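Work through the exercises below with the structure open. Try each task before reading its solution.

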Amino acid sequence: MVFSDPILLGCLLTVFLPLSAFALIMIFTRDNPKLSLAISLVAATIPLIIAWTFFFKLGGRAPIIYNFDWMVSDLVKVPFGFLLDPTSLVMFVIVATISWLVQVYSIGYMAGDPGFGRYYADLSLFALAMLTLVISSGLLQLYIAWELVGLASYLLIGFWYEKFSASEAGKKAFVVTRFGDIGFFMGLVFLVIFYGSLDIATVNSAAVANSMPPWLITTSGLLIFCGVMGKSAQFPLHVWLPDAMEGPTPVSALLHSATMVAAGVFLMTRIFPFFAASATTMTVILAISTLTLILSSTIALAATDIKQVWAYSTVSQLGFMAMGLAAAALASGTLFAGYYHLTTHAAFKALLFLCSGVFIHHFGTNDFFTMATQGGRKLVIPMACITIAALALAGIFPFAGFFSKELILTALAHLDNKLWLVLGLFGAFLTAYYSFRVIFVMLFPKSPEAYSKVPGHIAHVEDEAHGHGAHGHADDAHGHGHDEHHGVPWVMIFPLLVLASFTLILGFCQDYLEKLLLGASHPHAMNYFLLVAAVGCALSGIALAWLDWGRKDAKCVGFISRFPALQTFFIQKWYMDHFWRWFLNRFIYGIFSKWFTYNDRRVVDGGVDAVAFSTVGSGRLLSFIQTAFLQYNLLFMVVVLAGVGIYLMMGR
Amino acid sequence: MLLFNQLQTYLYLALVLFAIGLYGVLARRSLIAILISVELILNAASINFMAFNRFLAPHPAVGQVITLFIMAVAAAEAAIALSIIVAVYRKMKSINVEHATELRG
Amino acid sequence: MDIMLFGPELFYLGMALVFFCLTLRRQVQVRLDYQIALALSAVGVLVTGLCLFQQGDLFFKAYRVDLFSQIFKFALALGLFLVLTISHNLAAIEERYQAEFYFFLTTTTIGMMMLVSSVELLTIYVALELSSYSLYILVPLRRGDGIDVEAGIKYLFIGAVSSGFMLFGLSYIFGATGSTYLVDILPKMNQLVNSPIGIIGLLLALAGFFFKLSVFPFHFWAPDVYQGGANQVVTFIATASKAAAVALLLRLAVLGHASGYNFTIALVILSVVSMTLGNLVAIVQKDFKRMLAYSSIAHAGVFLMGVLTITEAGYIGVIYYALAYLVMNFTVFMVLSEVAADGRDLQISELAGLYRRSPLLSMSLILGIFALAGVPPSIGFTGKLLIFTSAMNAGYFWLVVIGAVNGTICLYYYLKVLYAAYFIDDPGLPVITLSLPMRLLNYALAAIIIGFGFCPDRIVELAKAAAKAVL
Amino acid sequence: MLLSPFVGLLVLLCLKNEQKFLIRAVSVVASGISLALSIFTFVAYDKGLGGLQFVEKYEWVQTFGITYFVGVEGLNAPMLLLTGIVIFTGCLTMWELEDRTKEYFIWMMALVTGVFGVFMSYDMFFFFLFYEIAVVPMYILILVWGSTRKEYAAMKLTLYLMAGSGLIIPGILLLYASSGLNTFNMLLLHGANFSPWVQKVAFILLFFGFGVLAAVWPLHTWSPVGHVAAPTAVSMLHAGVLMKLGSFAILRVGMYLLPEGFQYWANLMMILATAGIVYGVFVGLAQTDLKYVIGYSSVSHMGIVCLGLATGTIDGLNGAVFQMFAHGIMTALFFSSVGYIYDRTHTRDIHELGGFSKIMPVASAFFITAALCGAGVPGMASFWAELLVFVAAVQVFPVAGLLAIAALVLGALFALRVVQSTFFNEPNPKFVHFEDVSPFLGIPRMILIGTLLFFGFFPQIMVSMIKSSVVPFLQGM
C-alpha cells in the first residue's frame with residue numbers, strides 16, 4: 001500500500017531517512033567522518049527532492065491527509081499522519097532546503113572537528129523532527145516533533161560540551177523552551193478533554209468554536225501560545241535564544257534563525273483559525289510580540305558579538321511575524337503576511353548567519369569590531385552576501401524583506417489602534433540601524449582604537465576570557481585548525497550564493513505564494529503612505545547607522561550612548577537574564593528546593609528515624625522491668641495479677 | 001452453728017495462710033524462708049481442697065487424694081529447692097536472695 | 001488398658017530407668033551415654049510416631065489420648081531427639097553429670113507428655129510439676145561461675161510461686177464446681193465467673209500455665225534461665241517445653257473463653273503486652289540467648305492470640321505454629337550451640353563472619369531467623385499468618401494490627417543477628433567444620449522450614465483433625 | 001516462568017563457590033529464560049480474548065481457602081516483561097562481580113522469583129508471600145554488596161518495607177475475614193460485598209502498606225537511601241521492578257477488591273501523588289549524589305503512576321501501568337549507567353565528576369538517554385505514559401493535573417542539571433584514564449534503550465495490551 005502511493009511513500013521517506021541516518025551514525029559510524037557525512041547528506045538530499053517535487057506537484061491541490069493509529073487509549077487517541085496542504089508544503093520546502101544547505105555548508109565549517117559524526121547525527125535528528133513537525137497531521141504529533149526539535153537544539157547548542165557556557169546554554173534553551181512547552185501541552189490536554197480531537201484539520205474547522213465555550217478557547221489558545229513563546233523566543237522566554245549562539249554557527253543559521261525558532265510562528269499559522277477564534281488571545285499575542293520586537297531590537301543596538309546581533313534580530317523578527325499574524329487575525333485578515341515574512345526571513349537570516357559563520361570561521365572571533373579591524377571586507381563574496389541580507393532585513397526594495405515587512409505593516413495599519421503600527425515602524429527603524437551598524441563597521445573599518453569606547457567590545461584578544469559574558473570566544477575552543485587563513489572553501493560559499501539568490505527572488509514571488517497559500521491572490525491596494533513610512537524608517541535607520549559608524553569621522557559610539565542608563569539597560573538585556581537567574585536561585589533552588597530538601601531530611605526522614613529510635617529507646621526503658629532481684633519480679637507478677645483480678649471483678 | 005463447721009472459716013483460714021505465704025515470698029530475703037513461704041501457699045491450697053471436699057464435693061475422696069498428692073509434690077519440691085539452695089550456697093557463700101543479682105536487663 | 005495408648009510414656013519411663021541406672025555407675029563413659037541416649041530417643045520418636053493415631057481414655061478418664069495429644073507427644077519426642085543431636089559436645093556440663101542430664105531430660109519429657117494428655121486438674125498439676133522440677137535441676141547443672149545457679153533459683157522460685165498460685169486457684173475451681181474433670185467444669189464456667197471465687201480461681205489457675213509459656217507477667221524467668229542455662233538445656237526449654245505449654249493452654253483456654261467477654265479482653269491485653277514487651281526489650285539485648293528469650297516472650301503473645309480465638313481455625317494455627325516454632329527455634333539454637341562449641345554464652349557479635357566460617361550454618365541461621373521473624377516462605381510465616389487470619393476472623397482487628405506491627409519490630413533485632421553473621425567478619429575466628437550427620441540435619445531442617453512453609457497443607461489437615469479433637 | 005529463576009537458584013546452590021563463570025552463566029541463562037518466557041507470554045497473550053490466560057490453579061490449603069492461582073492478563077503482562085528485561089540486564093550488568101558471587105546470584109534469583117510471583121498471583125496469600133520474598137533479600141543484597149552507609153540503609157529499607165507489610169497483613173486478613181467466603185482467591189473476593197467500613201479501612205491499610213514500596217510521598221525516604229546503598233543490579237531491580245510491585249499491588253488488591261474504598265480515598269491518593277511528583281523534583285534539584293538524584297526522580301515518577309491510578313479512568317490506568325513499565329526500564333538504565341561510572345571512579349558526586357562524555361562517550365550516551373526519558377522527551381516510552389496520565393489527571397483532578405504537568409519543567413531542569421555537570425564540561429583529570437563500556441557490558445544497556453525506544457515508537461503494542469484488561473477491570477469496579 002505504501003509503495004503504490006508515491007505521496008505517502010515520500011512522506012514516510014522524509015521522516016524515516018533522517019531517523020535512520022541518526023541511528024546509523026550514532027550507533028555505527030560516529031568515529032568515521034566521511035561515512036557519517038555521506039549518510040547524513042543522502043538523508044538530507046532525498047527529502048529535499050521530495051519537498052520540491054511535492055511543492056510543485058501538489059501546490060495547488062486540496063490538502064492531502066494520511067492518518068494511522070499510533071496510540072489509542074480511551075480518550076486519548078494519537079494518530080500518526082501527514083497533512084500536506086500549502087501551509088505545510090511551503091514550510092516543508094524551507095526546512096528541507098535550508099537544512100540541506102546548512103549540511104553542505106557544515107562540510108567546510110566543521111571540517112576536522114572531533115565530533116564531526118555526532119554533529120551530522122544531530123543534524124539528522126533535527127531534520128527528522130522538523131520535517132515531521134511540518135507535515136504532521138495532528139497537534140500531538142506536532143508536539144512530539146516539537147519536543148524532539150527542542151532535543152536536537154539542546155544537543156546542537158551544547159555540541160561543544162566541554163565548554164561550560166555551551167552546556168549551560170543548551171540546558172537553558174531546553175528548560176526555557178520546555179517552560180513554554182508545558183503551556184502548549186496543557187493547552188493540548190484541554191483540547192483533548194473538552195474537544196476530543198487534536199487533528200489539525202478539525203481543530204481549524206468551525207466545529208471547535210461551536211463545541212467549546214469561549215473562555216476555554218481563549219485559555220487553550222493562550223496556553224498553546226506559551227509553546228510559541230518558548231520556541232519562537234518571545235518575551236519573556238526569549239532569553240535562551242541569544243545564549244543558544246554558543247552552538248556552531250551553521251546550527252544557529254538552521255535552527256536558531258531560519259527553521260526551528262520559526263516553528264512557533266509556523267504553529268500559529270498552522271492553527272490560525274483556531275487562534276483567530278479568540279480576540280483576547282490575539283490581543284495578548286500582539287502585545288507580547290510587540291514588546292518582544294522593541295526589546296530585542298534595542299538589545300541588538302548594543303551587542304558587539306555578531307551572532308548576538310543576529311540572534312536578537314531573529315527574536316525581533318519573530319515578534320514581527322507574530323505581530324503580523326495577530327494583527328491579521330484581529331482585523332480578520334489572512335495569515336499570509338506573517339507567513340510570508342517567515343519565508344523571506346528564513347532565507348535572509350540564514351544567509352546572515354552563514355555569512356557570519358564564514359567570518360567567524362576565518363577570524364576565530366565573534367566580535368565584529370575585531371573582524372572589521374582584521375580585514376573582514378576582504379572576503380568579498382560573504383561581504384556582499386551579508387550586505388544583501390542586511391538590506392533585506394532592513395526592508396529595502398527590492399530585497400525580499402521589503403515586501404514581507406510591508407505586508408505586515410499593512411496588517412498593522414488595519415488595526416484601529418494605530419499605536420501598534422507606530423511601534424512596528426519604530427521596530428523597523430531599529431532593525432535597519434543595528435543591522436547596518438554591523439555592515440558599516442565591517443565595510444568601513446576604523447583603527448582598533450576607535451572601537452575601544454564601544455561598551456562590551458573586547459579590544460585585545462588576550463582579554464577575551466574576561467570579556468562580556470563568555471560569548472567573546474564562542475567558536476575558537478573547538479579548534480578545528482584554521483590557523484592558516486586560506487580561502488573560504490566552496491562548500492561554504494555555495495550555500496551563500498543560493499540563499500542570496502533566494503533573498504533576491506523571493507520578494508517577487510509574493511503573488512505566487514499568496515495564491516498558493518490562500519488559493520487566490522488579493523491584489524491589495526498599495527498604501528503609499530505606509531510604503532513611504534516604512535522605507536523612510538528603514539532609510540533613516542541606515543542613515544543614522546552611517547552617521548554613527550560608517551562615515552570617515554564617525555564617533556563609533558552609537559547614538560544610544562547619549563543615554564547611558566538606557567545603554568546599560570540594553571547591554572544588560574533588559575535584565576531579563578538576571579530576572580530569570582534570580583527567580584531560579586531565589587525561588588526554585590532557594591526556597592522550594594532547599595526547604596523541601598530540609599523537610600525531607602529532617603521532618604519526613606527524621607520522623608521515620610525518630611520512630612525507630614524511640615522504639616529502641618522504649619525497649620531500653622522497658623528492659624528495666626527485668627531487674628535482677630527475684631522478689632521484685634515476683635512482686636511485679638503479683639501486682640499485675642492483682643490488677644487483672646480487680647479489672648475482672650469490676651467488670652463483672 | 002459452730003465456727004469450725006462452716007466452709008467460710010476454712011476458706012478464710014486458707015486465704016490468710018495464702019496471704020502470709022505470699023507476704024513471706026515477697027518479703028523474706030533468705031531463700032529457705034521463701035521456700036517455706038511457698039510451702040505455706042501450697043498448704044493453703046490443701047486446706048481449701050479439704051474444706052471443699054468436706055462441705056461441697058459429691059465425691060468424698062477427691063480432695064483428700066489431691067491433698068496427699070500435694071504433700072508428695074511439695075516434698076519433692078522442697079528436696080529440689082534445697083539442693084539448688086545448697087548449690088547456691090556453694091558458689092556464692094550466701095543464701096540471701098539479694099546476692100543472686102547477676103542477670104538483669 | 002491398651003498398652004499402645006500409654007506407649008510413649010512407658011517407653012520414656014523405661015528410658016529414664018536406663019539412665020537412672022547409668023547415673024549410678026562409678027566410671028564415666030560420656031560417648032556411650034550419648035550414643036545410648038541418641039539411639040533410645042530415636043526409637044522413642046519411632047514409638048511415638050507409631051502411636052500417633054491412638055485414641056482412648058485412661059485412668060478414670062483423667063488421661064485422654066487423642067490425635068491432639070499424640071501430635072504433641074510426637075513433637076516432644078522429636079524435640080528431645082533433636083536436642084540430643086546437638087548434645088554431642090556437652091562442654092557446658094561436667095562429665096560426671098552428663099548421665100543425669102539425659103535422665104532429667106527424659107523425665108521432663110515424660111512429664112510433658114503426660115501434661116498434653118491430662119484432662120483432669122490433679123493430673124495436670126502433677127504432670128506440670130514433674131516436667132518443671134526436672135528442668136529446675138537441669139538449669140543449674142551447667143558448670144560456670146554462678147549465673148547458672150542464680151538462673152536455677154529464679155526459675156525454681158518463680159515456678160514454685162506460680163504453681164502455688166495455680167494450685168490455690170484450682171482449689172477454688174474445684175470448690176465452685178465440685179469436680180476436677182475439665183469436661184465437668186466447662187459447663188459450669190458461665191455462672192462461675194459471676195462469683196469472685198470463680199474469677200480469682202480461674203485467674204490464679206491460669207498463672208501456672210502462663211508461667212510455662214512465659215506470658216507476661218510470668219515471663220521473668222525466661223531471660224535469666226535462657227542466659228544461665230546450658231545451651232542444650234535451654235534449647236529443650238525453648239522448643240519442646242514451649243510446645244507442651246501451648247498444648248496445655250489449648251486444652252484450658254476453653255475455660256477462659258467460657259468465662260465471658262471480660263476475661264477474653266484480659267487475655268487480649270496480656271497477649272498484646274507480651275508481644276510488645278518481648279519485642280521491644282529484645283532489641284536492646286546483646287546476648288544471643290537472652291534475645292531469644294525475649295523473642296520467646298513475644299511469641300507467647302502470638303500463641304495466646306491464636307488460643308483466645310477459641311475457633312477451629314485458631315487452634316489449627318496454634319498447633320501448626322507450635323510445631324513450626326519447635327523446628328525453627330531449634331534451628332537457631334542448633335546454630336548457636338554449634339558456634340559456641342565450648343558451651344559459652346554467645347554474644348550476638350560473636351556470630352561475626354559466620355557466612356565464611358560455615359556457609360551451611362549461616363544458611364540455617366538465616367532460615368531460622370527469617371522463620372522466627374515470619375518471613376516467607378517459611379513455616380514461621382505460614383503459621384503466623386494462619387494465627388492472624390483466625391484472629392481476624394474472630395473479630396480481633398486491632399489485635400492483628402498490633403501483631404503485624406510487632407512483626408516489624410521483631411525484624412529489627414532478627415536482622416541484627418543476620419547483620420552480625422553476614423556483614424561483620426573477624427578473620428581471627430576459625431572455620432567451623434560440621435560432621436556429616438550435622439550437615440544432613442541442617443539440610444533437613446532447611447527443607448522442613450521452606451517445604452512446609454510453602455506447602456503447609458498436610459500439616460494443616462493434621463492440625464485440623466487435632467483441633468477437632470480438643471474443641 | 002516462575003520456575004526458571006527458582007530452578008536457577010537451585011542449580012546455583014549446587015555449584016561451588018569457585019566456579020564463578022559457571023555461576024554467572026547459569027544465572028544469565030536462567031534470567032534469559034525468564035526473559036524469553038515473559039516475551040513469549042507478552043506476545044502470545046490474546047488481546048482480543050482478554051481476561052486471564054496461562055492460568056495455573058491448584059488447591060493449596062483447603063481449610064483456609066488458599067489456592068495456588070497464577071495467570072497472565074493485560075495488566076501484569078507488561079510487568080512480567082519489565083521484570084524479565086530488568087533481571088536479564090541486571091545479571092549481565094553484574095557479570096564483573098567477584099565478591100561472593102554465588103550468594104549474590106542466589107539472592108537475586110530468590111528476589112526475582114518473588115517478583116514474578118507477585119505479578120502473577122491471583123491469590124492474596126501467595127501474593128503476599130511472594131511480595132515478602134521479593135522484599136526480604138534486599139536486606140542481604142544491600143548489606144553485603146552495597147556501599148555508602150549500607151548498614152543503615154539496609155536496615156531502614158527492610159524495616160520500612162516490613163512496616164508496610166505490617167499494614168498489609170491486617171488489610172488482607174480483614175478482606176479475608178469480612179468476606180465470609182473463606183477464600184484468598186481475589187477473583188472470588190471481588191464478588192464479595194464488603195461493608196463500607198471494611199472498604200475504607202482495608203483500602204487505606206493496603207494503600208499505605210503497598211504505598212511504602214511504591215514510595216508514595218511521604219513514605220518515600222527509604223528509597224533514595226536504599227538506592228544509594230544498593231549495588232547496581234539491585235538498584236536496577238529495586239527501582240525498576242520492586243517499586244512497581246507496590247503500585248501494582250495497590251491496583252490489583254486495593255482498587256480491584258475495594259472500589260468503594262478507592263472512591264473514598266481517591267482524593268487522598270491524588271494529593272499524595274501530586275505532592276510526590278512536585279516534591280520529588282524539587283528535592284532532587286538540590287541533590288549532588290547521582291543516585292540520590294535518581295532516587296528522587298523515582299519518587300516523582302512513581303507519583304505519576306499513583307496519580308494515574310487515582311484518576312480511575314481508562315486513560316489513567318493505561319498510563320499508570322505504562323508508566324510503571326517505562327519508568328522501570330528507564331531507572332534500570334539510569335542505575336546501570338551510574339553503576340558503571342561509580343564502579344570505576346568510586347564517586348557519584350556530580351561536582352566531582354565531569355566531562356564524562358569525553359571519557360566514556362557510550363556510557364554517557366546511555367545515561368543521557370535515560371535522563372531525557374526521565375524528562376519526558378517524546379520518542380521514549382515514558383512520554384506516552386505521562387501523556388495518558390496527565391490527560392486523565394486534568395480531566396479528573398484539574399488542579400493536581402496541571403501542577404503535575406508544571407513539574408515537568410523542573411523535571412527537565414532536574415535531568416539536564418545532572419547531565420551537564422556529570423557529562424559535559426572539562427573532564428576531571430583524575431578520571432581521564434578510565435575505559436568506556438565494553439561491547440559486552442554494553443549489551444544490557446542497549447537492550448534497555450532499545451526497549452524504551454521501541455515502545456516509544458510503537459506505544460500501541462503496550463497500550464492495547466494494558467487496555468485489554470483495564471476496560472474489564474474498570475467495569476468490574
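**Exercise 1. A hairpin in chain D**

Which residue takes a positive phi in the hairpin of S1(D) and S2(D), and how many residues lie between the strands?

Solution. The model is predicted. Start with the two strands. S1 covers residues 53-61 of chain D, and its pairing with S2(D) is antiparallel, over six bridges. Next, find a bridge at the turn: Val61(D) has Ile66(D) in S2(D) as its partner. Four residues sit between the strands. Among the residues of this hairpin, Gly65(D) has the positive phi, near 65 degrees.

**Exercise 2. The faces of S2(D)**

Decide for each side of S2(D) whether its residues are buried or exposed.

Solution. Take one side first: Ile66(D), Tyr68(D), Val70(D) and Val72(D) are all buried. Turn to the other side: Thr67(D), Phe69(D) and Gly71(D) are buried as well. Both faces are therefore covered, since buried means under 20% relative accessible area. The tally for residues 66-72 is seven buried out of seven.

**Exercise 3. Helix H16(D)**

Check the length of H16(D) against the expected span, then find how many of its residues are buried.

Solution. Helix H16 of chain D runs over residues 361-374, which is 14 residues. At 1.5 Å a residue, the expected span is 20 Å. The end C-alpha atoms lie 19 Å apart, so the two values agree. Now the burial: 11 of the 14 residues are buried. Among them are Phe366(D), Phe367(D), Ile368(D), Leu372(D) and Cys373(D). Just past the helix, Gly376(D) has a positive phi of about 80 degrees.

**Exercise 4. Cysteines**

How many disulfides does the structure hold over all chains, and why is Cys306(D) not bonded to Cys373(D)?

Solution. The count is zero. A disulfide is a covalent bond between the sulfur atoms of two cysteines. For Cys306(D), the closest cysteine sulfur is in Cys373(D), 20 Å away, so the gap is too far for a bond. Then check accessibility. Cys306(D) is buried, at 5% relative accessible area. Cys21(C) is partly exposed, at 48%.

**Exercise 5. Chain A against chain D**

What area is buried between chain A and chain D, and which side chains meet in a salt bridge?

Solution. Begin with contacts: 49 residues of chain A touch 56 residues of chain D. The buried area is about 5,000 Å². Carbon and sulfur atoms give 71% of that area. Finish with charge: the two chains share one salt bridge. Lys156(D) and Asp609(A) form it, at 3.5 Å from N to O.

Conventions: Residues numbered from 1 in each chain as written. Chains lettered and ligands numbered in written order. Predicted model: local features only at pLDDT ≥ 70, side-chain atom pairs only at ≥ 80, totals over all residues. Heavy atoms only, no water. Buried < 20%, exposed > 50% of the residue type's maximum accessible area, 1.4 Å probe, protein only. Pairing = 2+ DSSP bridges. Disulfide = S-S within 2.5 Å. Expected span 1.5 Å × (residues − 1). Contact = heavy atoms within 4.5 Å. Buried area = accessible area lost by both parts, 1.4 Å probe. Salt bridge = Lys/Arg side-chain N within 4 Å of Asp/Glu carboxyl O.
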